[in-house]
Amino acid sequence: LTGKSLGSVESDVLSVPWDHSAAGFAHQSTVGIMLKDTLIDNMVVGGPAYQSNQLRKGDRILKVDGVVATAQNVLKLLVGNDLPGTFVTLTIERIVALQPEDEPRHVSLCRMKSESIAERRKMFEIFTAIKHDALHNHPGQANGALGEKVDTCINLWTKMLIAEDNHNKKIAANVTSLQKDCTTWLSEEQKLLAQLRAELSAKDGASKDAADALAQERRKNKELEDKNRQLEEQLKELQDRLRREEESARELR
């Protein structure tokens, strides 16, 4: 029972499947970056870019796997072989105090399944499409304000996702900690049960030895009783013979 419990506790209790059947993305892998030309316009919370903690909104992608990135090819370069689990290396330029850093940064990301962050990525695409439509297809002050509102929505939604992600991480940490504690407790219980079994086995062995000794003593007692009975019978025969001889001797006199 403890073995089964330990197996259940050691299983990956955090691996719960999600239903992403409505994702419908053109690519099966993603690094979770939303682009404006070659600039990182945003990152999907929970995606590889966000999880790396090495990229920021506003970073410019200079190269992807050593190939110079342009507005026309950057998406294709990021998709690459489109296999989840493969790596892509970005060379980026970061602007600090209105000036680019002296040396570009190199960041390696592992592509993940698009379906893993499907809903979040879809929402970013919708926001990006609305903003692009407002700023490019209908230029003007009103639509510029609409673009700002879309940015505000994206920022608020991102904060909500970050809070949710941090909350989920704390839950995962608590569950993992509890899992470790349960594993330790069950392992100790298994050791105690093994010790009890060994003690019971030793007692059973001692009881068996005592039972064997008692049986042997009983056998010896029975042998002694048999010999005593034989001696009594032989003594009786001698007494009978002696009596007969005495009777014969009296008759002869």
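These notes go through a predicted model of one protein chain, from its overall make-up to single residues.

1. Overall make-up. The protein chain has 253 residues, and 25% of them count as buried. Its secondary structure consists of five helices and ten strands. One of the helices is α5, which covers residues 141-252. Another is α2, spanning residues 48-52, and strand β1 takes in residues 29-30.

2. Surface and contacts. The accessible surface of the protein chain is about 18,000 Å², and carbon and sulfur atoms make up 55% of that area. Among contacts with a sequence separation of 6 or more, 65% join residues that are 24 or more positions apart.

3. The largest nonpolar core. This core has 28 residues. The members that touch the most other members are I33, L55, I61, V64, L78, L90 and L109. Helix α5 supplies the largest share of the core, with four residues.

4. Surroundings of L55. L55 is among the core members with the most contacts to other members. Setting aside residues up to four places away in sequence, L55 touches I33, I40, M43, A49, L90, I92, R94, V107 and L109. I33, L90 and L109 also appear among the core residues named above.

5. S52 in helix α2. S52 lies in helix α2 and is buried, because its relative accessibility is 18% and the limit for buried is under 20%. Beyond residues up to four places away in sequence, S52 touches V107 and L109. Both V107 and L109 are also touched by L55. A polar atom of the S52 side chain lies 2.7 Å from the backbone oxygen of A49. For a pair that is distant in sequence, take S52 and S108: they are 56 residues apart along the chain, while their C-alpha atoms are 8.4 Å apart in space.

6. S29 in strand β1. S29 belongs to strand β1 and is buried, with a relative accessible area of 4%. Its side chain makes a polar contact with the side chain of D82, at 2.7 Å. Apart from neighbours within four places in sequence, S29 is in contact with V79, D82, L83, P84, R111, M112, S114 and R121. D82 therefore appears both in the polar contact and in the list of residues in contact with S29.

7. Salt bridges in general. Side chains of opposite charge can pair when their charged atoms come close. The count for this model is eight salt bridges. K222, D226 and R229 are linked in a network of such bridges.

8. K36 and D41. The side chains of K36 and D41 form a salt bridge, with 3.9 Å from N to O. The bridge counts because this distance is within 4 Å. The two partners fall into separate exposure classes: K36 is partly exposed, at a relative accessible area of 42%, whereas D41 is buried, at 12%.

9. E101 and R105. In the salt bridge between E101 and R105, the closest N and O atoms are 2.8 Å apart. E101 is partly exposed, with a relative accessibility of 25%, and R105 is partly exposed at 33%.

10. D240 and R243. These two residues also form a salt bridge, and its closest N and O atoms are 2.7 Å apart. Both residues are in helix α5; because R243 and D240 are three residues apart there, about one helical turn separates them. R243 is partly exposed at 42% relative accessibility, and D240 is partly exposed at 22%.

11. Cysteines. A disulfide is a covalent bond between the sulfur atoms of two cysteines. The structure holds zero disulfides. C153 is partly exposed, with a relative accessibility of 39%. C182 is partly exposed as well, with 23%.

12. A point to check on the model. Which residues does S52 touch, leaving out those up to four places away in sequence? They are V107 and L109, and L109 is one of the core residues that touch the most other members.

Definitions and conventions
Residues numbered from 1 in each chain as written. Predicted model: local features only at pLDDT ≥ 70, side-chain atom pairs only at ≥ 80, totals over all residues. Heavy atoms only, no water. Buried < 20%, exposed > 50% of the residue type's maximum accessible area, 1.4 Å probe, protein only. Helix = DSSP H or I, 4+ residues; strand = E, 2+ residues; numbered from the N terminus. Contact = heavy atoms within 4.5 Å. Areas by Shrake-Rupley, 256 points an atom, 1.4 Å probe, with all protein chains shown as cover. Core = buried A, V, L, I, M, F, W, Y, C linked by side-chain atoms within 4.5 Å. Disulfide = S-S within 2.5 Å. Polar contact = N/O pair within 3.5 Å; in protein donor to acceptor, adjacent residues only side chain to side chain.
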